[in-house]
Amino acid sequence: MKKKLLFILVATIIILLFFIIPKFKKENSMYSDSDLYNDNNTLTINLGETPQIPWSYIDTETNVVETFGSAVFGNLIDLEEVNTKRDPYILVENYSCKNKKCEINLKKNIKFHNGRTVTAYDVEFSYARLLLQSKENNFAFSNLDDIVGIDNLKEAKFENIHNLNYPRKILDGFEVVDDFKIILTLKRNNHFLLQKLSTAFMPIVPIEELDEKYIDWKGIPIGFGRYKILKADLKDYQFILEKTSKEDIPKYIRIIFSDKDIGDLRFLSHLSESFFEGKVLFPNIYINGGFLFNFKSPLGANENFRKAITFALDREKIVKTSSDNDIVAEDQMLAQYSWQERYRSREPITKQNIALAKEHMAKVPKELWENKVLPVHSFWPIKKDLNEIGYIKEIKRQLLEIGINLKFYNTDFNYTKFKKDDENVLWFTGFDTQTDDPNANFAYFKTGSFFNNIYPENDEEFLKLYDLSVNNFLSNPEHTRQLSEYFKRKNYMIVMFNLKKRFAYRKDRIKFLESMYSGVRLDLWKIKLVDFKLF
């Protein structure tokens with residue numbers, strides 16, 4: 001009897017091992033480096049469907065740049081300004097902004113991953129290196145727009161400081177008092193200035209690690225964040241980060257890009273499906289979606305063409321094509337919820353009016369559009385053919401009713417915005433909200449912005465309303481409402497909907513996600529794990 005029981009026990013163990021071992025091997029050999037960075041010491045983050053270089057600040061999605069950058073490059077301030085002094089990876093000790101002056105004091109013990117102390121000269125350089133490039137190559141000109149001198153940059157003066165040759169003093173309003181003190185002189189007061197300066201699109205970096213043009217890295221990018229880059233596989237777009245802190249956070253983080261349901265946490269597009277048990281849908285964090293126009297083209301510059309499009313659209317029908325409840329009808333840059341509501345136009349969402357749309361189309365020269373298929377390029381990184389997506393089909397169907405025939409093209413990372421002398425007319429994309437400044441996205445429609453060709457030429461009324469808004473929005477939201485109304489009426493961007501941000505995560509691995517400032521930037525070190533062996 002004992003032998004029989006022993007036989008049954010052994011047989012049961014063998015059967016269990018038969019099922020468990022392959023599963024264990026599969027989970028621990030899913031990635032090419034799983035032998036070194038397995039589930040016991042590594043948190044894997046799937047940042048999206050489309051492979052991207054996460055430190056590129058031109059042709060990369062915002063959530064990729066900000067999530068990666070906050071972990072590796074570090075942050076000027078805590079966006080929520082909670083426990084900033086106690087956080088060893090926040091660069092600013094304290095700051096005060098009033099009467100068009102900002103006095104900023106830096107911590108004295110923050111070090112880059114190469115061991116050198118971060119100083120105020122590094123902050124000045126990090127912004128200067130971007131300003132030395134073309135406006136159309138980065139976001140620095142928009143984010144630094146509140147600072148005196150941004151409209152009339154000076155020639156760089158090179159100074160040797162701590163044995164490093166810095167290009168300096170190109171921005172009049174940026175004064176380095178000493179190694180750890182900065183004074184900014186402003187064109188206008190903006191309480192959200194340091195939020196704008198904290199973006200990972202303008203990381204604080206060490207000059208000695210960059211090439212002579214300050215664009216490309218000599219090796220692996222270096223910052224002062226909680227994690228440093230240990231491995232960068234630019235073939236398979238996999239990146240291993242190793243913690244530099246002594247905190248109880250995952251030792252390694254693996255960043256991947258895949259449309260498969262893999263990783264411990266996955267950024268979801270609205271078309272993605274996931275079997276992960278944990279789901280997060282941010283009700284007030286979104287990217288809007290719609291058309292930008294090439295104002296250098298006869299069609300894009302034609303106000304009747306833009307009006308015809310907006311009146312031809314039934315936005316409610318468009319959003320009903322999604323069954324996930326993650327698309328909301330919209331026609332303004334600023335949303336109907338959260339802090340943005342007080343700054344938007346009070347007008348209702350534009351209703352479809354086919355008769356009026358056709359009236360406007362009749363005023364557009366037929367040789368520009370009749371019997372033509374207009375290409376619509378995009379920055380909307382989804383692997384599925386855009387022309388097969390429900391809401392794109394609905395947009396095409398509605399516009400075809402007034403004679404506008406479109407073909408959408410999926411995102412090409414070699415062509416992410418209109419080029420100089422571009423003949424294309426339409427672009428499908430969207431803007432998200434990184435700061436609490438309601439004017440941030442309107443800034444991209446000023447002449448000479450990062451998004452070349454999408455701005456109207458010589459629109460003095462727009463510039464007047466923009467200036468009134470940026471100078472008065474803190475005390476009086478009415479000016480921003482007027483800017484919002486004008487922007488909508490002129491159809492400088494035809495917004496169709498807001499798309500809410502979503503995550504999915506494995507509940508057997510992740511205990512919970514701490515409150516995040518936004519779904520645009522996920523602070524990876526705030527993720528709480530079930531298995532404390534990861535610490």
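Which residue in S17 does Gly 278 stand opposite? Select both strands to find out: Gly 278 stands opposite Tyr 505 in S17. Before going further, note that this is a predicted model, in which local features need pLDDT of at least 70 and side-chain atom pairs count only at pLDDT 80 or more, while totals for chains, interfaces and linings use all residues. Residues are numbered from 1 along each chain as its sequence is written, and side-chain values use heavy atoms, with hydrogens and water left out.

**First stop: strand S12 and its partners**

Keep strand S12 (residues 278–293) selected and add S17, and you will see that the two pair in the antiparallel sense over 11 bridges. Helices (H or I, at least four residues) and strands (E, at least two) are DSSP runs numbered from the N terminus, and two strands pair if DSSP finds at least two bridges between them. Now add strand S16 (residues 426–429), which runs antiparallel to S12 and is joined to S12 by 4 bridges. Within this pairing, Leu 292 has Trp 427 in S16 as its bridge partner.

**Second stop: the largest nonpolar core**

Select Phe 291, Tyr 391, Ile 395 and Phe 445, which touch the most other members among the 149 residues of the largest nonpolar core. Such a core is a set of buried Ala, Val, Leu, Ile, Met, Phe, Trp, Tyr and Cys residues joined through side-chain atoms within 4.5 Å. Here buried means under 20% relative accessible area, exposed means over 50%, and partly exposed lies in between, with a 1.4 Å probe and protein chains only. Centre the view on Ile 395, which, not counting residues up to four places away in sequence, touches Phe 291, Leu 313, Ile 318, Phe 408, Phe 428 and Met 496; contact means heavy atoms within 4.5 Å.

**Third stop: the disulfide**

The structure holds 1 disulfide, a term for a pair of cysteine sulfur atoms within 2.5 Å. Select Cys 97 and Cys 102, which form this link with their sulfur atoms 1.9 Å apart, and look along the S-S bond, where an angle of 115 degrees makes the link right-handed. Are the two cysteines buried or exposed? Cys 97 is partly exposed, with a relative accessible area of 24%, whereas Cys 102 counts as buried at 0% relative accessibility.

Stay with Cys 102, whose place is in strand S3 (residues 101–106). Leaving out residues up to four places away in sequence, Cys 102 touches Ser 96, Cys 97, Ile 182, Ile 183, Leu 184, Leu 186 and Leu 193. If you then select Glu 49, which is 53 residues from Cys 102 along the chain, you will find the C-alpha atoms of the two separated by 40 Å.

**Fourth stop: a hairpin**

Ile 183, one of the residues that Cys 102 touches, leads to the next selection, because Ile 183 is the bridge partner of Glu 175 in S7. Strand S6 (residues 174–178) and strand S7 (residues 181–185) pair in the antiparallel sense over 4 bridges, and they form a hairpin with 2 residues between them.

**Fifth stop: two polar contacts in loops**

Select Asp 437, in the loop between S16 and helix H10 (460–472), where it counts as buried at 5% relative accessibility. The side chain of Asp 437 makes a polar contact with the side chain of Asn 190 at 3.1 Å; a polar contact is a pair of N or O atoms within 3.5 Å, and within protein one must be able to donate a hydrogen and the other to accept it, with residues adjacent in sequence counting only if both atoms are side-chain atoms.

Move next to Thr 350, in the loop between strand S13 (327–329) and helix H8 (354–362). Thr 350 is buried, with a relative accessible area of 17%, and its side chain makes a polar contact with the side chain of Asp 331 at 2.8 Å.

**Last stop: two asparagines with positive phi**

Most residues other than glycine have a negative phi. Select Asn 371, in the loop between H8 and strand S14 (373–378), which has a positive phi of about 60 degrees although it is not a glycine. Asn 491, in the loop between helix H11 (478–490) and strand S17 (493–505), likewise has a positive phi, of about 55 degrees. Asn 371 counts as exposed at 78% relative accessibility, whereas Asn 491 is buried, with a relative accessible area of 6%.
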